[in-house]
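Student: I am new to this structure. Please take a close look at one part of it, the interior, and explain how the pieces there fit together.

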Amino acid sequence: MGKVDKEMIRIAAEAGAKAAMEKLEKERRRDEEERVDRRLHNTRLLLKNYRLFKKHTDNAVYQVGQLNESIYEILELMERRGPSDFTASIKNSAARTAVLVQHIEVMLGLYKTYCEDSGRQDNLRRWRVVKALYVDDQPVTVQELADREFVAEKTIRRDVDSICEHLAALLFGIDGIKKE
């Protein structure tokens with residue numbers, strides 16, 4: 001094999017290795033984005049079903065003390081299963097639901113503190129939005145909330161997106177943060 005042939009093989013090998021590394025990095029970034037998207041989706045799912053979970057917990061026969069799983073194991077279960085499997089699992093497990101409701105309540109409390117401590121009107125509105133849409137006993141529509149807050153429905157929808165990003169970070173920790 002001549003000097004030129006060896007050089008061509010080296011260049012081809014380097015190009016192949018570089019292409020493989022770029023492909024692996026692209027797949028890693030895609031997987032990370034999908035994981036964050038799942039967590040944002042799951043955060044929306046948790047908020048949407050919070051009242052139902054709360055009622056389920058309030059009327060459950062089983063107590064949190066009867067569960068051998070931690071909140072982290074429950075959140076991992078949520079990560080592994082699809083949304084419909086997860087929702088069915090939560091509805092069927094009173095103790096898991098109770099732990100999850102407690103976790104959501106603590107994180108909502110942290111979010112409320114964050115909003116209040118910021119002193120920013122948009123954050124204070126976001127707290128009122130999450131409370132009215134998902135926590136209060138009497139839910140309101142986006143339109144009713146927009147009228148009450150004197151903003152467009154689009155603003156309320158953007159607020160919900162922002163709320164979900166913040167709550168995903170609180171609920172899932174560092175893994176819930178969307179990387180720019």
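Tutor: What follows starts with the whole chain, then goes to the core, and then to the helix pairs and single residues around it.

This is a predicted model, in which local features need pLDDT of at least 70 and side-chain atom pairs count only at pLDDT 80 or more, while totals for chains, interfaces and linings use all residues. Residues are numbered from 1 along each chain as its sequence is written, and side-chain values use heavy atoms, with hydrogens and water left out.

The secondary structure of the protein chain consists of seven helices and zero strands (helices are DSSP runs of H or I with at least four residues, strands are runs of E with at least two, and both are numbered from the N terminus). Read from the N terminus, the order of elements is therefore α-α-α-α-α-α-α. Of the 180 residues in the protein chain, 37% are buried (buried means under 20% relative accessible area, exposed over 50%, and partly exposed in between, with a 1.4 Å probe and protein chains only). Among contacts between residues at least 6 apart in sequence, 70% join residues at least 24 apart (a contact means heavy atoms within 4.5 Å).

Now the core itself. The largest nonpolar core holds 30 residues (such a core is a set of buried Ala, Val, Leu, Ile, Met, Phe, Trp, Tyr and Cys residues joined through side-chain atoms within 4.5 Å). Two or more residues come from each of α1 (3-58), α4 (94-118), α5 (121-135), α6 (142-149) and α7 (153-172). The most come from α7, which gives eight residues. Leu 47, Val 130, Leu 133 and Leu 167 have the most contacts inside the core. Leaving aside neighbours within four places in sequence, Leu 167 is in contact with Thr 43, Leu 47, Met 107, Leu 108, Tyr 111 and Val 130. In soluble globular proteins, nonpolar side chains tend to be buried together.

Next, the pair α4 and α5. These helices pack at an angle of about 150°, with axes 7 Å apart (axes are lines fitted to C-alpha atoms, for helices over the stretch in contact, and angles run from 0 to 180 degrees between N-to-C directions). The two are therefore roughly antiparallel to each other (angles under 35 degrees count as roughly parallel, over 145 as roughly antiparallel, 65 to 115 as roughly perpendicular and the rest as oblique). On the α4 side the contact is made by Leu 108, Tyr 111, Lys 112, Tyr 114, Cys 115, Glu 116 and Ser 118, and on the α5 side by Asn 123, Leu 124, Arg 126, Trp 127, Val 130 and Val 135. By type, the residues of this contact are eight nonpolar, two polar and three charged (Ala, Val, Leu, Ile, Met, Phe, Trp, Tyr, Cys and Pro count as nonpolar, Asp, Glu, Lys and Arg as charged, and the others, Gly among them, as polar).

Trp 127 sits in helix α5 and is buried, at 12% relative accessibility. Not counting residues up to four places away in sequence, Trp 127 touches Leu 108, Tyr 111, Lys 112 and Cys 115. Trp 127 and Tyr 111 are 16 residues apart along the chain, with 7.6 Å between their C-alpha atoms.

Arg 125 is also in helix α5. Its relative accessible area is 14%, so Arg 125 is buried. With residues up to four places away in sequence not counted, Arg 125 touches Glu 149, Val 151, Thr 155 and Asp 159.

The cysteines can be taken briefly. Cys 115 is buried, with a relative accessible area of 0%, and Cys 164 is buried at 1%. The count of disulfides is zero (a disulfide is a pair of cysteine sulfur atoms within 2.5 Å).

Last, the pair α6 and α7. Their axes come within 8 Å and cross at roughly 105°, which makes α6 roughly perpendicular to α7. Here Val 142, Gln 143, Leu 145 and Ala 146 in α6 meet Glu 153, Ile 156 and Arg 157 in α7. The residues of this contact divide into four nonpolar, one polar and two charged.

The loop between α6 and α7 contains Phe 150 and Ala 152. Phe 150 is exposed, at 76% relative accessibility, and has a positive phi of about 60° although it is not a glycine. Most residues other than glycine have a negative phi. Ala 152 is partly exposed, with a relative accessible area of 44%. Ala 152 and Val 142 are 10 residues apart in sequence and 9.3 Å apart in space, C-alpha to C-alpha.
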